[in-house]
Amino acid sequence: MNATTPTNLSSPTPQHTDGGRYEFGDPENEVIAHTARRAGTWGSVSLVLGLLQMLAGFTQLNQPGTALGSILRGAVAIIVGVIFRKVGDSFKRVVDTRGDDIGNLMEALRGLSSAFQTQIVAVGVAVGVGL
């Protein structure tokens, strides 16, 4: 692991709330919070890049094939950006709330899966149509 990655995971410290629901301990919350920040950052970067890609496409409307490719790639980047920002929010809820860590974690993982699936489909379509 590098210097920016939390490393104190030698012994998980599971905790249970009064209702018997699992709560992650401080070491796990540190890793989850770090992941939340990275997912949110990537979501923001992807949104900005997607907007720029779409703008570039709109400036190339005199070249329809090039414009369409840029606009579609930009749209996919924006969709992925929105999904990753939601993933980051879901991971952040694991850390910030009590009583539903597993539910929040599963929501984050479902969002992450959706982001990957969106990218897989977009690349498959792009390769299929030659964009």
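Contact here means heavy atoms within 4.5 Å, and the model we're looking at is a predicted one.

Q: Leaving aside neighbours within four places in sequence, which residues is V87 in contact with?
A: V87 is among the residues with the most contacts inside the largest nonpolar core. Skip its neighbours within four places in sequence, and the partners left for V87 are A39, A108, G111 and L112.

Q: Which helix gives the most to the largest nonpolar core?
A: That core has 14 residues, and F24, I32, F84, V87, F91, V94 and L105 are the ones with the most contacts inside it. Helices α1, α2 (64-96) and α3 (101-129) each chip in at least two residues. With six residues, the top contributor is α2.

Q: In what order do the elements of the chain run from the N terminus on?
A: There are three helices and two strands to place. Reading from the N terminus, the order is β-β-α-α-α.

Q: Is N29 buried or exposed?
A: N29 sits in helix α1. Setting aside residues up to four places away in sequence, N29 touches F24, V94 and V95. Buried means under 20% relative accessible area, and N29 comes in at 14%, so the call is buried.

Q: Which residue's backbone oxygen does the side chain of N29 reach?
A: F24, V94 and V95 are the residues N29 touches once those up to four places away in sequence are dropped. The N29 side chain gets to a backbone oxygen at 3.4 Å, and that oxygen belongs to F24.

Q: Is L55 buried or exposed?
A: L55 is found in helix α1, which spans residues 26-58. L55 also helps make a nonpolar surface patch of about 550 Å², along with W42, V45, V48, L49 and L52. The cut-off for exposed is over 50%, and L55 has 53% relative accessibility, so L55 counts as exposed.

Q: How far apart in space are V82 and S46, C-alpha to C-alpha?
A: V82 belongs to helix α2, and at 35% relative accessibility V82 counts as partly exposed. V82 and S46 are 36 residues apart in sequence, yet C-alpha to C-alpha they're separated by 8.3 Å.

Q: What share of the contacts with a separation of 6 or more comes from residues 24 or more positions apart?
A: V87 and A39 make one example of a contact across the sequence. Over the chain, taking contacts with a separation of 6 or more, residues 24 or more positions apart account for 59%.

Q: What percentage of the accessible surface belongs to carbon and sulfur atoms?
A: Of the 131 residues, 34% are buried. The accessible surface of the chain comes to about 8000 Å², and the carbon and sulfur part is 64%.

Methods. Residues are numbered from 1 along each chain as its sequence is written. This is a predicted model: local features need pLDDT of at least 70, side-chain atom pairs count only at pLDDT 80 or more; totals for chains, interfaces and linings use all residues. Side-chain values use heavy atoms; hydrogens and water are left out. Patches are made of residues with over 30% relative accessible area and no salt bridge: like charges are joined within 9 Å, nonpolar side chains (Val, Leu, Ile, Met, Phe, Trp, Tyr) within 5 Å. Accessible areas come from the Shrake-Rupley method with a 1.4 Å probe; for residues, only the protein chains shown count as cover. A salt bridge is a side-chain nitrogen of Lys or Arg within 4 Å of a carboxyl oxygen of Asp or Glu. Helices (H or I, at least four residues) and strands (E, at least two) are DSSP runs, numbered from the N terminus. Buried means under 20% relative accessible area, exposed over 50%, partly exposed in between (1.4 Å probe, protein chains only). A polar contact is a pair of N or O atoms within 3.5 Å; within protein, one must be able to donate a hydrogen and the other to accept it, and residues adjacent in sequence count only if both atoms are side-chain atoms. A nonpolar core is a set of buried Ala, Val, Leu, Ile, Met, Phe, Trp, Tyr and Cys residues joined through side-chain atoms within 4.5 Å.
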